[in-house]
Amino acid sequence: MIFRKAEEKDIIAIEEFLLEAGVSAIGVKQNYPYFLIAEDENNTLIATIGIEPVESSGLLRSFVFSPTFPQSLLAPFFQQTLLLAKQQSLSSVYLASDKEVSFPFFKALGFKKIRSEDLPESIKFSPHCTNMLEYEDVFFMEKTLH
């Protein structure tokens with residue numbers, strides 16, 4: 001198993017992986033340097049997560065993993081994504097989710113819940129966030145990077 005920053009050659013594979021999971025692939029081509037991927041020993045893509053950069057912040061998106069991705073590696077994979085955000089000089093990251101069951105996971109990684117009205121305007125009006133605001137049970141979380 002290897003975690004690595006996506007490269008231009010990975011764009012099509014990431015888009016196909018996301019679409020197969022029923023997740024939007026819009027923006028992958030423009031933001032691939034902000035995507036992390038996990039590959040198995042056969043170099044098969046088995047997980048990805050992306051960051052939509054917005055000014056000095058980022059909005060986490062497209063956290064998708066296959067059934068073969070080990071659950072025990074979810075937190076390390078996510079932590080690598082936060083490291084990528086720091087390397088890209090982002091000062092904070094936000095996430096939107098409609099899966100309340102994921103709240104404890106994100107809280108354990110240092111995210112705090114915030115109200116949608118407390119989101120920075122630049123994040124609130126980003127394409128991914130605008131889409132998430134249409135969901136009824138969506139919640140938002142924020143993590144400041146040091």
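**Cores, fold and one loop residue in a predicted model**

Colleague: In this predicted model, which residues of the largest nonpolar core touch the most other members?

Modeller: The largest nonpolar core holds 24 residues. Those that touch the most other members of this core are Leu60, Phe69, Phe77, Phe78, Val93, Leu95 and Phe111.

Colleague: Which element gives the most to this core?

Modeller: Several elements supply at least two residues each, namely strand 2, strand 3, helix 3 (74–87), strand 5 (92–97) and strand 7 (139–144). With six residues, the element that gives the most to this core is helix 3.

Colleague: Leaving aside its neighbours within four places in sequence, with which residues is Leu95 in contact?

Modeller: Leu95 is listed with those core residues that touch the most other members. Once its neighbours within four places in sequence are left aside, the residues in contact with Leu95 are Leu59, Leu60, Phe78, Phe106, Phe111, Phe139, Phe140 and Met141.

Colleague: How many residues make up the other core, which lies apart from the largest one?

Modeller: The largest nonpolar core has 24 residues, and another core lies apart from it. Among the residues of this other core are Phe17, Leu18, Phe35 and Val64, and its total is eleven residues.

Colleague: What pattern does the chain follow when read along the sequence?

Modeller: The chain contains six helices and seven strands. Read along the sequence, these helices and strands follow the pattern β-α-α-β-β-β-α-β-α-β-α-α-β.

Colleague: What radius of gyration does the chain have, set against that of a compact globule?

Modeller: Along its principal axes, the C-alpha trace spans about 45 × 30 × 30 Å. For 146 residues, a compact globule would have a radius of gyration near 15 Å, and the value for the chain agrees with this, being 14 Å.

Colleague: Among contacts between residues at least 6 apart in sequence, what percentage joins residues at least 24 apart?

Modeller: Buried residues make up 47% of the 146 residues in the chain. Turning to contacts between residues at least 6 apart in sequence, the part that joins residues at least 24 apart is 66%.

Colleague: Is Thr44 buried, partly exposed or exposed?

Modeller: Thr44 sits in the loop between strand 2 (35–39) and strand 3 (45–54), and, residues up to four places away in sequence not being counted, Thr44 touches Ala38 and Glu39. Its relative accessibility is 40%, and buried would require under 20% whereas exposed would require over 50%. Thr44 therefore counts as partly exposed.

Colleague: What distance separates the C-alpha atoms of Thr44 and Ser57?

Modeller: Thr44 and Ser57 are 13 residues apart along the chain. The separation of their C-alpha atoms is 30 Å.

Technical notes
Residues numbered from 1 in each chain as written. Predicted model: local features only at pLDDT ≥ 70, side-chain atom pairs only at ≥ 80, totals over all residues. Heavy atoms only, no water. Helix = DSSP H or I, 4+ residues; strand = E, 2+ residues; numbered from the N terminus. Rg over C-alpha atoms; globule rule 2.2 N^0.38 Å. Buried < 20%, exposed > 50% of the residue type's maximum accessible area, 1.4 Å probe, protein only. Contact = heavy atoms within 4.5 Å. Core = buried A, V, L, I, M, F, W, Y, C linked by side-chain atoms within 4.5 Å.
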